[in-house]
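Biologist: I am new to this structure and would like to learn how to read its charged pairs and its cysteines. Could we go through them together, one feature at a time?

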Amino acid sequence: MPGASLELDPEGRLFCPACRATTLDVSGTEQVDGVPWVNHSLVCRACGTTSRLALVGAFGQTVLRWLDD
């Protein structure tokens with residue numbers, strides 16, 4: 001699967017892939033009809049980086065991955 005694995009803190013919060021802060025806000029979502037995933041755009045309040053996260057449900061599994069930009 002493309003993209004990088006994500007990391008969670010002990011409370012289940014995502015780390016920013018750029019600075020590892022846990023201050024991420026969802027700024028938008030994108031879903032294409034007929035595909036089993038939803039892309040989320042997240043902005044880090046600490047460093048200002050915008051990243052894309054995919055929530056994929058396929059073959060009986062659910063996976064979260066950072067998308068390569």
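Biologist: Which residue forms a salt bridge with aspartate 9, and how far apart are the closest N and O atoms?

Modeller: Side chains of opposite charge can pair when their charged atoms come close. In this predicted model, aspartate 9 forms a salt bridge with arginine 13, with 2.7 Å between the closest N and O atoms. Aspartate 9 is buried, at a relative accessible area of 10%, whereas arginine 13 is partly exposed, at 40%. Asp9 and Arg13 also belong, together with Glu11, to a network of salt bridges.

Biologist: How many salt bridges does a search of the whole structure find?

Modeller: The search finds four, and one of them joins aspartate 25 to arginine 45, whose closest N and O atoms are 2.8 Å apart. Because aspartate 25 lies in strand E1 and arginine 45 in the loop between strands E2 and E3, this pair ties together parts that are 20 residues apart in sequence. Aspartate 25 is partly exposed, with a relative accessible area of 33%, while arginine 45 counts as exposed, at 58%.

Biologist: Why is there no disulfide bond between cysteine 19 and cysteine 44?

Modeller: A disulfide requires the two sulfur atoms to be within 2.5 Å. The closest cysteine sulfur to that of cysteine 19 is in cysteine 44, and at 3.7 Å it is too far for a bond. For cysteine 47, the closest cysteine sulfur is that of cysteine 19, again 3.7 Å away and too far for a bond. Across the whole structure, the search finds zero disulfides.

Conventions:
Residues are numbered from 1 along each chain as its sequence is written. This is a predicted model: local features need pLDDT of at least 70, side-chain atom pairs count only at pLDDT 80 or more; totals for chains, interfaces and linings use all residues. Side-chain values use heavy atoms; hydrogens and water are left out. A salt bridge is a side-chain nitrogen of Lys or Arg within 4 Å of a carboxyl oxygen of Asp or Glu. Buried means under 20% relative accessible area, exposed over 50%, partly exposed in between (1.4 Å probe, protein chains only). Helices (H or I, at least four residues) and strands (E, at least two) are DSSP runs, numbered from the N terminus.
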